Amino acid sequence: MVRIPDMDDFFSRRCVWVNGPIIVGAGPSGLAVGACLKEQGVPFEILERSDCIASLWQKRTYDRLKLHLPKQFCQLPKMPFPAHYPEYPTRNQFIEYLENYAKNFDIKPRFNQTVQSARYDETSGLWRVRTVGSGCDAGNRNAEIEYIGRWLVVATGENAEQVMPDLDGLGEFCGPVIHVGEYKSGERYRGKKVIVVGCGNSGMEVCLDLCDNDAFPSMVVRDSVHVLPREVLGKSTFDLAVFFMKWLPLWMVDKIMLILAWLVLGNLEKLGIKRPSMGPLELKNVSGRTPVLDYGALSKIRSGDIKVVPGVKRFWSKKVELVDGRFVDIDAVILATGYRSNVPQWLQETDFFTKDGFPKGGFPNNNWKGKSGLYAVGFTRRGLSGASSDAVKVSQDIAKGWKEETKQTRIGACHRRCFSQF
């Protein structure tokens, strides 16, 4: 008897034909693609491992979070923020905007669907995306589904998984240890000594929040970092950079940004914060490291409310040893160590993504379109504006191919194509 590979596995799960692209991820990137496809009449299916849209924003952000950039740089395609929203919308306002966005475009993701694998079947010319139930569907064999379609859009973004560093002795520490994705407010840390590992936007803002709740934070600044004022004379620093980039080369804009930062913030090396040798915009392009936009943390550092400490050598039961030999007593640890892409865990047999889960092309090259109907949205390291730009290009490209195929193929033929491989 001739045995067809994967035949038993195929019949053990449901098979769903998607007459359009399969989109993995219901965050801002996935929603933006869905909205753009809706406007062009292209059907699609969005798969989301959580039980809600934008789970990063809804479940892994702290209460005081606001958008770090003005709202005009953060809105998704086809729908601006409400006029009454402030220039820097709050976390709750942004979540409300995303929920209204999904409702406005009638986007209904399939929730609790964790993608185990996605691979391109050369024989049929189709993508096969296997999912298992998560959340309330965890362990439910009926929730195991294989989605089959012509196009695959990876919209899981740059921040799908928490980065948990391997710090010597951390397992011996007696106090609470959390990633910043689990942090909500400093209320529970009132009166406690907290070490925050990481000095990016999240690390700075969490330290500020701890101060506001009468905690005593120490912030680990292991590497050099660019800190820029969020605004200069009432004008967004990011807005100024975008304006200058229209007329000046990147290296010159970097010089202007650094001069403005020095005039507004002063010499930060006196506070224990060293600037990288590479300019903030060039560094962002090369490594994806985002400059910190300050709106209060530096004043707390100057006053001594936030202590700046060098790298951690080792944790002990109730204290931490620093690389300079000092010991600091602490009650809790917050790891503001960022996030990473999880694409390599489930996307198979493709050379479009690197081992770090980012398209190899890199910005500003064509890093949104791969081979065989594979696309990526939200990996330009340019935040929400980059994701919106990707979504428009990807939807236009897919719509063109979808309309050409539907003209040439009868509906019945589509279904024969789906199951012919079996």
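Select strand β8 (residues 193-197) and strand β18 (residues 332-335), which pair in the parallel sense over four bridges. Strands are DSSP runs of E of at least two residues and helices runs of H or I of at least four, numbered from the N terminus; two strands pair if DSSP finds at least two bridges between them. Within this pair, valine 196 has isoleucine 334 of β18 as its bridge partner.

The model is predicted: local features need pLDDT of at least 70, side-chain atom pairs count only at pLDDT 80 or more, and totals for chains, interfaces and linings use all residues. Residues are numbered from 1 along each chain as its sequence is written, and side-chain values use heavy atoms, with hydrogens and water left out.

Next, extend the selection to the whole open sheet, whose five parallel strands run in the order β7-β18-β8-β9-β14. At its edges stand β7 (177-179) and β14 (307-309); each has a single partner strand, so one side of each is left without a neighbour in the sheet.

Now add helix α5 (residues 201-212). This helix packs on the sheet and touches β8, β9 (216-220) and β18, and its direction makes about 165° with that of β9. Here axes are lines fitted to C-alpha atoms, for helices over the stretch in contact, and angles run from 0 to 180 degrees between N-to-C directions; contact means heavy atoms within 4.5 Å. Ten of the twelve residues of α5 are buried, so the helix is largely enclosed by the rest of the structure. Buried means under 20% relative accessible area, exposed over 50%, and partly exposed in between, with a 1.4 Å probe and protein chains only. Just after α5, aspartate 214 has a positive phi, near 60°.

Move to helix α4 (91-104), which supplies at least two residues of the largest nonpolar core. In α4, phenylalanine 94 and tyrosine 97 lie three residues apart, about one turn of the helix. Both residues are buried. Their rings form a stacked pair, 6.2 Å centre to centre with 25° between the planes. Rings of Phe, Tyr and Trp (its six-membered ring) pair if their centres lie within 6.5 Å; planes under 30 degrees apart count as stacked, over 60 as edge-to-face and the rest as tilted.

Finally, colour the aromatic cluster formed by Trp57, Phe81, Tyr85, Phe94, Tyr97, Tyr101 and Phe105. For a tilted pair, select tyrosine 120 and tryptophan 127, whose ring centres are 5.4 Å apart with planes at 55°.
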